[in-house]
Structure formats: C-alpha cells, structure tokens
Amino acid sequence: MIFGRKTFPGAVSDFEKAVRAQDAQGAERAYVQIHRTAGKAGDGDYQEAGPRLAALLPQLPPLPRASVAVVVGACVERGADALACAPEVFAGAREAFTAAAEFCTRWAESGGGELPEPDDELTEAIVERTGQEPAMGWFTLEQWEMACVAMLNAGAVRRAADGKAELPTLVERVAEASGHEFKCLTYALRVLDDEPLVVLHRGTGTGYALRMSGIGDNFQLHTLLAGVLIGGAHLPGEAPSAREIAVSRNAAGQVPTTGAFNLVGADGGWIFNEGSPSDIHVVDGVRLLVLDPPPYRRAWTAGRFFPGMHGDLVLERVLDAEEAAGWFEKVAPAKG
C-alpha cells in the first residue's frame, strides 16, 4: 500500500484503506497526512471527505475516533452533509459520555479528590485507578463536544438526526457528577427550531405571536426581539442597528448593543440573557415571555453564541386586544 500522497483526498483514501485493512500504523501515517494537506483542500474535498470519515468512526479505537470526529466536524463546517455525518458522531459521543460517567463513579469510589481536567494528560496512574475505557471516555469529551456542536449547527440535524435524543441526559449526568458544564454542547442540544413564542409587552398591553429557530442564547433572542418589535414599529424604543440584527441572524462578526427590555417569565421571574430560549416556560403549549422595562442599562456584544448557526425570529401576527388580554391573565406580576 502506498502512503504519503500529497493531497487531502489522497490522504483520506489512504486512511480509509488502512482502517479497513486494520493497519494501525498506516492509518496513523495517513491521519498525519490528512492534517498536513488540509490547508490546501477545497470545499469540495471537505464535502466528499466528511461522510467517508464519519463512516469509519465505529471501526476506530476511542482516542483516534474522537480525533477523527473533530475532522468530520471541520468537514461539515466546510459544507459536508451534516445529516449524513451526524449519526456516527452522535453514536461516538454517547459512548464517550457513558464511559465518562463511569469514570466519575470509579474516581469517587477509589478515593475521590479533584477530577483531572478533560484536556489534561492521560497517565497510566489514572488508567489504573479508573480503567481504560472510562478514562478514554473522560479524556475525549472536549473533542466529542466540538464534533457534536459542528453537527448541531445544521438545522436539519437538530430537527431530524438519529441518535441525538439520548445525549442531553448523558451530558447532564456527567456534568452533575463532575462539575464540568459542557456549556457549548448543552446549549446546542437545547436550541429550539420552528418554536412558537408568545410575547407580551406589559407597558402597552400588546401581544405578539412569533416563531424562533436556531437561537443559541437569550442575548441573541433579546437583540432579535428588539429588532422585530421596535424596529418593526410595534413598540416604542430605540431599535438595534441593521448590523446588530445581521450578526444576530447569520452575518459574521460581533458589534456592541444595548438591551431594550427585561425578559420575564410567566411566573414573574427574570429570564436571564445568559440563559437559552429553552428557559422560557411553556404555558398552554406555547412558550410565553413578558417584556418589561429594563431596571438598569445592559450592554453586551451582539452576535451569536454559535457562530456557525443561523438564527431566526419571525413575527407571525400581532394579537388582537382580546387575545392579548387572555394571555396577560396567565402571567404573574414581575418579581423584584
């Protein structure tokens, strides 16, 4: 078998052949060559390579599997079919988080103490203490997080990909056992698509039916709400600029912005900008949000928590006075 081709597609082909032949040394050489040639590869090369590399993930040992999953994520970011790549990436992530949960249990049972960081060096002493498979799971979590987020940037994956449903519970279990947030993956798994949202503006007594998709956090939601409702001349106030709205939807970059509202839940409690739209309570089958005046000036950098994820917020209709009043009956006064 001839290795060392000087093109990205050639290196991917060599890697495929070596993995299928169970040639570990050949696979390692080809993997190195994939990285050496990646900088000169075109989008078409990445688009072809993504599904091919994803299909090999089940045949790889844990450490190289996680590394190749990151490469698959890079391919998806360059246009590879995320829906085709995601099932194997999610399967690997499920195995890693399952093993990592066992790692946390064995660590506690074998004396406890502060857990190593997932990006620390995996030592022989750690393997002896927890076992190889649990340790491999723990020390590959950051790579699986990156790979999964790359998949979840695609709306088609969030809506339809196989193997995603079990991940939130597994991630939460490891987070609770370890104290590590895995915030990027947690937030990506919480992203809502085609989600109805009823918004009430307490000051004017008006209500609005909207639909949101691909919004990573409430900073982004806040900016888009101001753009739709103030920018659309439905509510008084200073609307965000066109640039602030653009970077909160799909444009690259970040720009300073200032908050227009205080986001409040149906129970009267604050919905914090640092949280995600999934924090908004469901009332009668719909997420219900109240807009109050901001208690103080809030400024932040407008943009997207997930730069690769396109966000959208659409006003479907303005509620008539009777319908708005009915929704207001379902909300508590704002809490201090």
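The following exchange discusses a predicted model of a single chain.

Colleague: How many helices and strands does the secondary structure of the chain come to?
Modeller: The C-alpha atoms of this predicted chain fill a box of roughly 75 × 50 × 30 Å along the principal axes. Of the contacts with a separation of 6 or more, 71% are between residues 24 or more positions apart. The secondary structure comes to 14 helices and eight strands.

Colleague: What percentage of the residues in the chain is buried?
Modeller: A residue counts as buried when its relative accessible area is under 20%. Applied to the 336 residues of the chain, this gives a buried share of 51%.

Colleague: What span should helix α1 have, and how far apart are its end C-alpha atoms?
Modeller: Helix α1 covers residues 8-20, which is 13 residues. The expected span is 1.5 Å times one less than the number of residues. For α1 this yields 18 Å, and the agreement is seen in the separation of its end C-alpha atoms, 18 Å.

Colleague: Is α1 mostly covered or mostly uncovered, and which elements are included in what covers its buried residues?
Modeller: Ten of the 13 residues of α1 are buried, so the helix is mostly covered under the 20% limit. The buried residues are F8, G10, A11, V12, S13, D14, F15, E16, A18 and V19. What covers them includes α2 (24-38), α3 (43-56) and α4 (62-77).

Colleague: Which backbone nitrogen does a side-chain oxygen of T7 reach at the start of α1?
Modeller: The approach brings the T7 side-chain oxygen to within 3.1 Å of its partner. A polar contact requires a pair of N or O atoms within 3.5 Å. The nitrogen reached is that of G10.

Colleague: Where does Q22 lie, and is it buried or exposed?
Modeller: Q22 is not a glycine, yet it has a positive phi of about 55°. The residue comes just after α1, in the loop between α1 and α2. Its relative accessible area is 73%, and because exposed means over 50%, Q22 is exposed.

Colleague: Where is D284 found, and is it buried or exposed?
Modeller: D284 also is not a glycine and has a positive phi, of about 50°. D284 is found in the loop between β5 (282-283) and β6 (286-292). With a relative accessible area of 57%, above the 50% limit, D284 is exposed.

Colleague: Which residues line the largest cavity, and which helix supplies the largest share of the lining?
Modeller: A search of the whole structure finds one cavity of 30 Å³ or more, and the largest cavity holds about 40 Å³ of space. Its lining consists of F8, P9, V12, D45, E48, A49 and R52. Both α1 and α3 supply at least two of these residues. The largest share, four residues, comes from α3.

Colleague: How many nonpolar, polar and charged residues are in the lining of the largest cavity?
Modeller: The lining includes F8 and V12 as well as D45 and R52. Phe and Val count as nonpolar, whereas Asp and Arg count as charged. By class, the totals are four nonpolar, no polar and three charged residues.

Colleague: Is E195 buried or exposed, and which side chain does its own side chain join in a polar contact?
Modeller: E195 lies in strand β1 (residues 195-201). Its relative accessibility is 19%, and because the limit is under 20%, E195 counts as buried. Beyond four places in sequence, E195 touches L210, R211, M212 and R287. The polar contact of 2.9 Å joins its side chain to that of R287.

Note on methods. Residues numbered from 1 in each chain as written. Predicted model: local features only at pLDDT ≥ 70, side-chain atom pairs only at ≥ 80, totals over all residues. Heavy atoms only, no water. Helix = DSSP H or I, 4+ residues; strand = E, 2+ residues; numbered from the N terminus. Buried < 20%, exposed > 50% of the residue type's maximum accessible area, 1.4 Å probe, protein only. Contact = heavy atoms within 4.5 Å. Polar contact = N/O pair within 3.5 Å; in protein donor to acceptor, adjacent residues only side chain to side chain. 1 Å grid on protein atoms, 1.4 Å probe; cavity = no way out; pocket = protein on both sides within 12 Å on 5 of 7 lines; lining within 4 Å. Points joined across faces, edges and corners; volume = space filled by probe spheres on them.
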